[in-house]
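Me: I would like to study this structure step by step. Please look at the sequence and the model first, and then work through the questions with me.

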Amino acid sequence: MEASSSNRNTYEMEIRKEDEVQKEPKPKPLLASGKIFYKPGVIEEETDETSVFDSSVVESPMLGFSASGLLRHSIHPVSSLHRIPTYSSSIGQSTIYRVDSCRNRSHRHGASRRTRRRAILKNGECNIVKSRIQQRRLRFLQDMFTTLVDAQWRWTLLVFTLSFILSWLGFALIWWLIAFTHGDLEPDHLPPMQESSNWKPCVFNIYDFTSCFLFSIETQHTIGYGSRTTTEECPEAIFIMCLQSIVGVMIQAFMVGIVFAKMTRPKHRTQTLLFSKHAVICQRDGELSLMFRVGDLRKSHIIGASVRAQLIRSRTTKEGEVLSHYQTELELNADGCDSNLFFIWPITMVHKINASSPFYGVSAADVLQERFEIVVVLEGTIESTGQTTQARSSYTTSEIMWGHRFVPLVTYNRERQGYEVDYSKFDETTQVDTPLCSAKELDEFYGSQADHRSIESAEPMVLKLPERPKEPKTPEPKAVQKNGDFTVTL
């Protein structure tokens, strides 16, 4: 009995030890060496624990690891600022591993990232679908001109053709009714018998409906072949002839105006206005900056060109209201100027990530977990036509490259004696070393370093007053006694 009880106690102690071992928090895996950033457009996640690495790999004070195993940014005021090579990195093209969430996601090694939802497509079209509009057809028919201009070419050409054919057929029917009621279509009153019967018709040379259709075309377009003409016999025929001439001119003006407006729309000018495929984030003049490039392919410039950028993301108000598509204006400048451009060659637009920027507290790791869209708009007046045009594009997190800079593409060509723009380099970027922390943490780091240096260099200060110049001493008089007399000598 004693042996069995001792064995039981030993067994219970072993079970308790196993439970305690299982309850102990396991060290969470860190980032794999060299796997902070990967190829563009690829997010890779691993489920096994062989991809972890020891903490000695990251030496920068800009990077740390939170309790959840994600990248976080720590500030060490005593440490020096190290730059981290970001290689072919980008915010949406980087790879950050999250082991505790791999089970819930279907991303596999080498799998492409799903395209984020966007409000503005890369070609500038608005990705907006409108539904449940009351009296939609009536509202669009009331503005028929704009509806046909915005419609596709096949529908515009169909309406253009039907407008003439239906008008010809309608007035041909009216001419046939006039001839029928007047008796011009009776066998004895047809054109071959009109001289013998002394019959005067409303319209000469009308035999049947086909003749009425041909006369309708001649009247509406003032062709005037001379074989068919109206007479003064029927006043209603004279009135219909005047009415058809007016209606024909109105139809021609309306349809020609639609076709001309559709062919000269400023929208087509945007096909030669380019936006870079990616936006980049790097340091410029010591500040993190978000940059993208715009260009114009034509020699006729855009007058008064201006570029705007808006950030679309969700926001929660103080009252708890969730604004799912809150728009924030981003301040842009180009080469030290404002957003109004002298648009003669491709220009890089710069948004400085400072205290007034919505990206001030956002780092490379934070952006991966957020969902937002940057909508950019280029507006200006077409030099050749004087019409105002607007080109649009957008950038999601998967199209923002962290740690890259655009390659210069404007050079002077000595042979052509002019500046040459190489558009093959329009989307080309180069890799630069960029801190992965946010601009806020970067400013705090620089500020703490300055404070630390000032404290170390501080020494006890002794106030020393300037010495007064020494005045010459006046010799004391000496009394000398000679022969009973006193003589004073100096």
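**Overall build and burial**

Me: What share of the residues in the chain is buried?
Reply: This is a predicted model. A residue counts as buried when its relative accessible area is under 20%. Of the 490 residues in the chain, the share that is buried is 36%.

Me: How many helices and strands are there in the chain?
Reply: The elements of the chain are of two kinds, helices and strands. Their numbers are 9 helices and 18 strands.

Me: How are α4 and α7 oriented to each other?
Reply: Helix α4 covers residues 153-182 and helix α7 covers residues 235-263. Their axes lie 11 Å apart, and the packing angle is about 175 degrees. Angles over 145 degrees count as roughly antiparallel. The orientation of α4 and α7 is therefore roughly antiparallel.

Me: Which classes of residue make up the contact of α4 with α7, and how many residues has each?
Reply: The contact of α4 with α7 includes residues of three classes. By class, the residues are 2 charged, 5 polar and 19 nonpolar.

Me: Which strand has the lowest mean pLDDT among the elements of the chain?
Reply: For the chain, the mean pLDDT is 75, and 68% of the residues reach 70 or more. Strand β13 (residues 404-406) has the highest mean among the elements, at 94. The lowest mean, 34, belongs to strand β1 (residues 64-65).

Me: Over which residues is the pLDDT below 50?
Reply: Where pLDDT is low, the predicted coordinates should not be read in detail. The stretch in question has 188 contacts in the model beyond near neighbours in sequence. The pLDDT is below 50 over residues 26-115.

Definitions and conventions. Residues are numbered from 1 along each chain as its sequence is written. This is a predicted model: local features need pLDDT of at least 70, side-chain atom pairs count only at pLDDT 80 or more; totals for chains, interfaces and linings use all residues. Side-chain values use heavy atoms; hydrogens and water are left out. Axes are lines fitted to C-alpha atoms, for helices over the stretch in contact, and angles run from 0 to 180 degrees between N-to-C directions. Helices (H or I, at least four residues) and strands (E, at least two) are DSSP runs, numbered from the N terminus. Angles under 35 degrees count as roughly parallel, over 145 as roughly antiparallel, 65 to 115 as roughly perpendicular and the rest as oblique. Ala, Val, Leu, Ile, Met, Phe, Trp, Tyr, Cys and Pro count as nonpolar, Asp, Glu, Lys and Arg as charged, and the others, Gly among them, as polar. Buried means under 20% relative accessible area, exposed over 50%, partly exposed in between (1.4 Å probe, protein chains only). pLDDT is the predictor's confidence in each residue, from 0 to 100. Contact means heavy atoms within 4.5 Å.
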